[in-house]
Amino acid sequence: MSRSYRRDPDDPRAVAPRLESASDTFRCQHCRAEIPRGAFGTEHRNHCPFCLWSVHVDERPGDRRSPCRGGMEPIAVWVREREEWALVHRCASCHVVRVNRIAGDDNEYALLALAARPMALPPFPVTRLRR
């Protein structure tokens with residue numbers, strides 16, 4: 001699978017981080033893919049770049065103090081100021097909602113499918129719409 005990056009490929013910041021050991025990767029609890037901990041466009045990876053799922057590990061960003069450890073389902077895409085995209089996750093166990101930046105190596109198709117979901121599955125019958 002080819003990867004596209006949001007930055008110029010000649011930019012040294014666009015080079016994938018080197019994996020020094022097995023601890024530099026983790027396995028996605030949802031799709032079981034092996035994921036590098038480094039992420040393009042963000043300091044810390046907090047979701048799988050393929051299925052966009054995460055794990056509820058933080059009470060506050062980066063503290064790793066949540067005892068929940070439930071799967072965080074991607075439920076929406078939010079466009080922040082300056083047109084930066086962010087993922088909205090909801091914990092499948094405790095239902096807490098969190099917002100996380102997208103990473104430069106996130107699957108573009110998965111992001112667009114998530115963004116299009118409200119139009120594909122509106123919360124009301126489209127038969128009620130009339131001209």
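Glu84 counts as partly exposed in this predicted model, because its relative accessibility of 28% falls in the range between buried (under 20%) and exposed (over 50%). Its salt-bridge partner is Arg101, and the closest N and O atoms of the two are 2.8 Å apart. This pair ties together distant parts of the chain: Glu84 sits in the loop between β4 and β5, while Arg101 belongs to strand β6, 17 residues away. Arg101 is partly exposed too, at 37% relative accessibility. There's a third member to add here, since salt bridges with shared partners join Arg80, Glu84 and Arg101 into one network.

How many salt bridges does the structure hold? The count is four. Here are three of those pairs side by side.

| Salt bridge | Closest N to O |
|---|---|
| Arg27 and Glu34 | 3.1 Å |
| Arg64 and Asp58 | 2.8 Å |
| Arg101 and Glu84 | 2.8 Å |

Let's take the other two pairs in the table in turn. For Arg27 and Glu34, the accessibility is easy to remember: Arg27 is partly exposed, with a relative accessible area of 42%, and Glu34 is partly exposed, also with a value of 42%. Arg64 and Asp58 are a mixed couple. Arg64 is partly exposed at 43%, whereas Asp58 has a relative accessible area of 17%. That puts Asp58 in the buried class, because the cut-off for buried is under 20%.

Now back to the strand that carries Arg101. Strand β6 covers residues 97-101 and pairs with strand β5, residues 85-91, in the antiparallel sense. Five bridges hold this pairing, and one of them matches Leu87 with Asn100 in β6. The two strands make a hairpin, with five residues between them. If you're looking at the turn, check His95, which has a positive phi of about 70°.

β6 also turns up around the largest pocket. That pocket has about 780 Å³ of space. It is lined by 29 residues, and the closest to its centre are Arg45, Asn46, Ser54, Val57 and Arg64. So which elements give two or more residues to the lining? They are β1 (25-27), β3 (54-55), β4 (71-79) and β6. Of these, β6 gives the most, with three residues. Arg64 is worth a second look here: this residue close to the pocket centre is the one that meets Asp58 in a salt bridge.

Over in the loop between β1 and β2 (34-36) you'll find Cys31. Is this cysteine buried, partly exposed or exposed? Its relative accessibility is 34%, so it counts as partly exposed. Cys31 and Leu52 are 21 residues apart along the chain, and their C-alpha atoms are separated by 9.4 Å.

Last stop, the surface. Phe124, Val126 and Leu129 make a nonpolar patch of about 280 Å². Leu129 lies in the segment after α1 (108-120). With a relative accessible area of 57%, Leu129 is exposed, because the cut-off for that class is over 50%.

Notes
Residues numbered from 1 in each chain as written. Predicted model: local features only at pLDDT ≥ 70, side-chain atom pairs only at ≥ 80, totals over all residues. Heavy atoms only, no water. Pairing = 2+ DSSP bridges. Helix = DSSP H or I, 4+ residues; strand = E, 2+ residues; numbered from the N terminus. Patch = residues over 30% accessible without salt bridge, like charges linked within 9 Å, V, L, I, M, F, W, Y side chains within 5 Å. Areas by Shrake-Rupley, 256 points an atom, 1.4 Å probe, with all protein chains shown as cover. Salt bridge = Lys/Arg side-chain N within 4 Å of Asp/Glu carboxyl O. Buried < 20%, exposed > 50% of the residue type's maximum accessible area, 1.4 Å probe, protein only. 1 Å grid on protein atoms, 1.4 Å probe; cavity = no way out; pocket = protein on both sides within 12 Å on 5 of 7 lines; lining within 4 Å. Points joined across faces, edges and corners; volume = space filled by probe spheres on them.
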